[in-house]
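Subject: Structure handover, with notes on its cavities, pocket and ligand

Dear colleague,

I am passing on the structure we spoke of, and I would be grateful if you could look through it before reading the notes that follow.

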Amino acid sequence: MHIPSLIERKRDGGILSTAEIQSVIAAFTRGDMPEYQMSALAMAVFFRGMTPEETAALTEAMLHSGTMLAWNDHDPMRVDKHSTGGIGDKTSLILAPLLACDGVWVPMISGRGLGITGGTLDKLESIPGFRTQLSEIEIHNVIDQAGCVMVGQTSGICPADKKLYALRDVTGTVPSIPLITASIMSKKLAEGLNRLVLDVKFGSGAFMKTEEQAHQLAQSMVTVGRALGVRSSVRLSQMNEPTGESAGNALEVAECVRCLKGEGPQDLEDIVLDLASAVAVSPRVDLQKMLHRGDAWRKFQQMVALQGGSVEALEKIESVHRAPFIAELKAGSSGVLQRMDAGGIGQVVLELGAGRSKAGDPVDFAVGCDQIAKTGTEVRSGDVLLRIHARTKAALAHAFDVLPRHIKIT
Ligand code: URA
């Protein structure tokens, strides 16, 4: 294999064979292909794209660069969801235990927040003691007992993606549909799934800004999922306002606890039920009953305990992580709330300290926004539009200054 010729072929719009893609990924994972060549190839893919066959081959090669979770023939069906991320997107914490109540297994490997979108692992780690880094043996133990487990990527899973993602992050090659598809799908397929639902978001608070882009990404991921033997479906959803009524790690966990007790905001419950029913055995109406009966709440508590988390602290998570400065932002006029911009609110929440600008930065579990009003509601002057939770007075003042630019009442 002459790597410069492959890079030139892709640069000129040519097609790489499955064997060539496998050799490239194997050489890169071993450390035999230098990063400058992989960066050049990623840039060529960024500009020239890949055919569905090339994308499936890349996904499969990345999947086989490491280990997969192994299951027995008589194990229950494995299902999962992947979301492309958004503001206040906390659905995983409700969906995984709910699906486990349905008798399927949910071996959920999640990520951390980067930029304005939050990450499932950061939210879970706000529960004192909760361990997100488990060995494969521990993953199996938790799932055997609870039916669901929520962890970070193990060192054995998709090492090629780990290396390639780090390179893409610093070479301007993240927003490429074939590269995103292979990155996301290789990690999800390493869970050994039977069914997968993809929650692809578009709008100001999402990675994909337009419905057209989201549609293309969804199509690409579903095609690869099916080509590699996993029943995959998709839900496109708008991310122009935050999901539910909070954004920020512990604040979102508190909202999940309310939703798991059947007292969550309607939009959050609807998204969870729509996604869950795409991969569940039971119909939506039965899943809703399980949620309202508290089955999923008990299942979540069981999983938290098995992963070392304090169930007692979970019940009062808002007081465990209480920001020193909490203040209400009130409506300055009466009318209909037209805009509660997810991108703008996400940026404020990030700057309050709930997110990170680069991988490895610490996050502040306590800060963020809650009681976020939903668009379309009638508000009167003086009504609370949201509450800000800040670590310092200066951070609070900054949020007060910026947030009104992202809210519109007419
Ligand atoms: N998330 C991933 O895991 N990979 C990407 O390429 C983009 C988002």
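How much space lies in the second largest cavity? Before I answer, please bear in mind that this is a predicted model, and that the values below were computed from it. The second largest cavity holds about 110 Å³ of space, and it is one of two cavities of 30 Å³ or more in the structure.

Its lining is made up of L16, I21, V24, I25, M38, L41, A42, V45, M50, L58, L164 and L179, and when these residues are divided by class they come out as 12 nonpolar, no polar and no charged. Two helices, α2 (18-30) and α3 (35-48), each supply at least two residues of that lining, with α3 providing the largest share, namely four residues.

The largest cavity has a volume of about 160 Å³, and 21 residues line it, with I116, T117, G118, V349 and A354 lying nearest its centre. Here the classes are mixed, since the lining of this cavity divides into six nonpolar, 11 polar and four charged residues. At least two residues of the lining come from each of α6 (120-125), α11 (249-260) and α17 (342-354), and among the contributors α17 gives the most, with four residues. Seen by domain, the lining of the largest cavity draws at least three residues from each of domain 2 (79-314) and domain 3 (321-409).

Apart from the cavities, there is a pocket to look at. The largest pocket contains about 1,500 Å³ of space, and of the 45 residues that line it, G111, R112, L114, Y165 and K187 are the closest to its centre. Two or more residues of this lining are given by each of β1 (79-83), β2 (106-109), α6, α8 (159-169) and α9 (177-189), and the largest share, six residues, comes from α8. The helix α6 therefore appears in two linings, as it supplies at least two residues to the largest cavity and two or more to the largest pocket. By class, the pocket lining has 14 nonpolar, 19 polar and 12 charged residues, and at least three of its residues come from each of domain 2 and domain 3.

Which residues surround the ligand? They are Y165, R168, I180, S183, I184 and K187, and two of these names, Y165 and K187, have already appeared among the residues closest to the centre of the largest pocket. Three of the surrounding side chains come within a few ångströms of the ligand through polar atoms, as follows.

- For R168, a polar side-chain atom lies 2.9 Å from an oxygen atom of the ligand.
- For S183, an N or O atom in the side chain is 2.7 Å from a nitrogen atom of the ligand.
- For K187, an N or O atom in the side chain is 2.5 Å from an oxygen atom of the ligand.

On its own the ligand has 240 Å² of accessible area, and the protein covers 80% of this.

With best wishes,
A colleague

Terms used. Residues are numbered from 1 along each chain as its sequence is written. This is a predicted model: local features need pLDDT of at least 70, side-chain atom pairs count only at pLDDT 80 or more; totals for chains, interfaces and linings use all residues. Side-chain values use heavy atoms; hydrogens and water are left out. On a 1 Å grid over the protein atoms alone, a cavity is a set of points where a 1.4 Å probe fits but cannot get out, and a pocket is an open set with protein on both sides within 12 Å along at least five of seven lines; lining residues have an atom within 4 Å of a point. Grid points are joined across faces, edges and corners, and a volume is the space filled by probe spheres set on the points. Domain bounds come from an automatic or database domain assignment. A residue is near a molecule or strand if one of its heavy atoms lies within 4 Å of it. A polar contact is a pair of N or O atoms within 3.5 Å; within protein, one must be able to donate a hydrogen and the other to accept it, and residues adjacent in sequence count only if both atoms are side-chain atoms. Accessible areas come from the Shrake-Rupley method with a 1.4 Å probe; for residues, only the protein chains shown count as cover.
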